[in-house]
Structure formats: C-alpha cells, structure tokens
Amino acid sequence: MPNGAHCANWPAWEQEPHPTRPFLANGLGVNLPAIGRNLALGGDAVLSERLASALAPLVDGGKTAIQKLVRRGLDEELSLHELLRSQVPADRLGDAELAELFDPAGYLGAADRFTTTVLADYSARKEQWQSQN
C-alpha cells in the first residue's frame, strides 16, 4: 500500500453511523514491559521531537542544531543528554529540568489534545442522536 493510502478510508470512518466504532478499542490494554523494552531500544532519540521543541529557543541553530545532535548521538553512540547539556547553558536550563525532558513518563505528546477532541466529538454526536430520538 503506498504511503498515505491507508488514510483513504478516513472520510468514510468519520461518517455516522459506523457500526464498529464503539467496539474498536474494547479490551485495549497497555503492556508496560513492552513499552519499557521499546523505549530502551530507541534510547534518548525517542524523545527527540519533545527535546527539539522545548530546547530550540535555548540552542544556537534551534531545531536544526538539535536534530544534528540527535543524529550525531545515534551515529557515534553518544549520550544525547550529554550532547545537549554541552549546548544548553545551565543558567537557562538546570540539570533537573533537562532530566525531566528525558523522562518519557511525563511526556504525552498530543494525547491531551486528541483526548479532548474525541470526547468533545462524542458529546456532540450523543446530543445530536438524543435530540433525534
């Protein structure tokens, strides 16, 4: 399937009624050991987008410079944490704050926005359905 082709069904998915939508995530669970293994395989680079967004204003060259550090860390098997510490002035970002950026447990990406959007969509559709029945 060509890149993006899997998204061709989204317009149909968004139309109501869709009989499988309520059951799609039924029984979905989280495998914490697998998450830990996957994070370990990716190393510090797993959080590279978060790091680039948060640290770009503090590093000469912005996101591009951080992306180069990520690549260098991967290519030379160097600690991204140490590479960034050498580039980010400690008076602008302390060690504790830098360490927090490397903690995947506190990073939700866009999950908050996605959850809010899904819940708002559900509420609107539920109200619409109730008003019609």
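Which residue caps the N-terminal end of H5? Ser79 does the job in this predicted model, with a side-chain oxygen 3.3 Å from the backbone nitrogen of His81. The legends below start with the whole chain and then zoom in.

**View 1. The whole chain is built from helices.** Count the elements and you get seven helices and zero strands. Reading from the N terminus, the order is simply α-α-α-α-α-α-α. The chain has 133 residues, and 18% of them are buried. Now take the contacts with a separation of 6 or more: 50% of them come from residues 24 or more positions apart.

**View 2. Helices H3 and H4 cross.** Here you are looking at H3, residues 48-55, and H4, residues 62-76. Their axes come within 9 Å and cross at roughly 145 degrees, and the crossing is right-handed. On the H3 side, the contact is made by Ser48, Glu49, Leu51, Ala52, Ser53 and Leu55, while H4 brings Lys63, Ile66 and Val70. It's a mixed bunch: five nonpolar, two polar and two charged residues.

**View 3. The largest nonpolar core draws on several helices.** This core has 18 residues. Those with the most contacts inside it are Leu51, Leu55, Ile66, Leu80, Leu84 and Leu93. Helices H3, H4, H5 (80-87) and H6 (95-101) are the elements that each give two or more residues to the core. H4 gives the most, with four. As background, nonpolar side chains tend to be buried together in soluble globular proteins.

**View 4. Leu84 and its contacts.** Zoom in on Leu84, one of the core residues with the most contacts. Leave out its neighbours within four places in sequence, and Leu84 still touches Leu51, Leu55, Ile66, Leu69 and Phe102.

**View 5. The buried residues of H5.** In H5, the buried residues are Leu80, Leu83, Leu84 and Arg85. So what covers them? H3, H4 and H6 are among the elements that do. Back at the N-terminal end of this helix, you can find the cap made by Ser79.

**View 6. Glu77, in the loop between H4 and H5.** Last stop: the loop that runs between H4 and H5, where Glu77 lies. Glu77 isn't a glycine, yet it has a positive phi of about 50 degrees. Is this residue buried or exposed? Glu77 counts as exposed because its relative accessibility is 75%, and the cut-off for exposed is over 50%.

Notes
Residues are numbered from 1 along each chain as its sequence is written. This is a predicted model: local features need pLDDT of at least 70, side-chain atom pairs count only at pLDDT 80 or more; totals for chains, interfaces and linings use all residues. Side-chain values use heavy atoms; hydrogens and water are left out. Axes are lines fitted to C-alpha atoms, for helices over the stretch in contact, and angles run from 0 to 180 degrees between N-to-C directions. A crossing is left-handed if the near helix is turned anticlockwise from the far one by less than a right angle, and right-handed if clockwise. Contact means heavy atoms within 4.5 Å. Ala, Val, Leu, Ile, Met, Phe, Trp, Tyr, Cys and Pro count as nonpolar, Asp, Glu, Lys and Arg as charged, and the others, Gly among them, as polar. A nonpolar core is a set of buried Ala, Val, Leu, Ile, Met, Phe, Trp, Tyr and Cys residues joined through side-chain atoms within 4.5 Å. Buried means under 20% relative accessible area, exposed over 50%, partly exposed in between (1.4 Å probe, protein chains only). A polar contact is a pair of N or O atoms within 3.5 Å; within protein, one must be able to donate a hydrogen and the other to accept it, and residues adjacent in sequence count only if both atoms are side-chain atoms.
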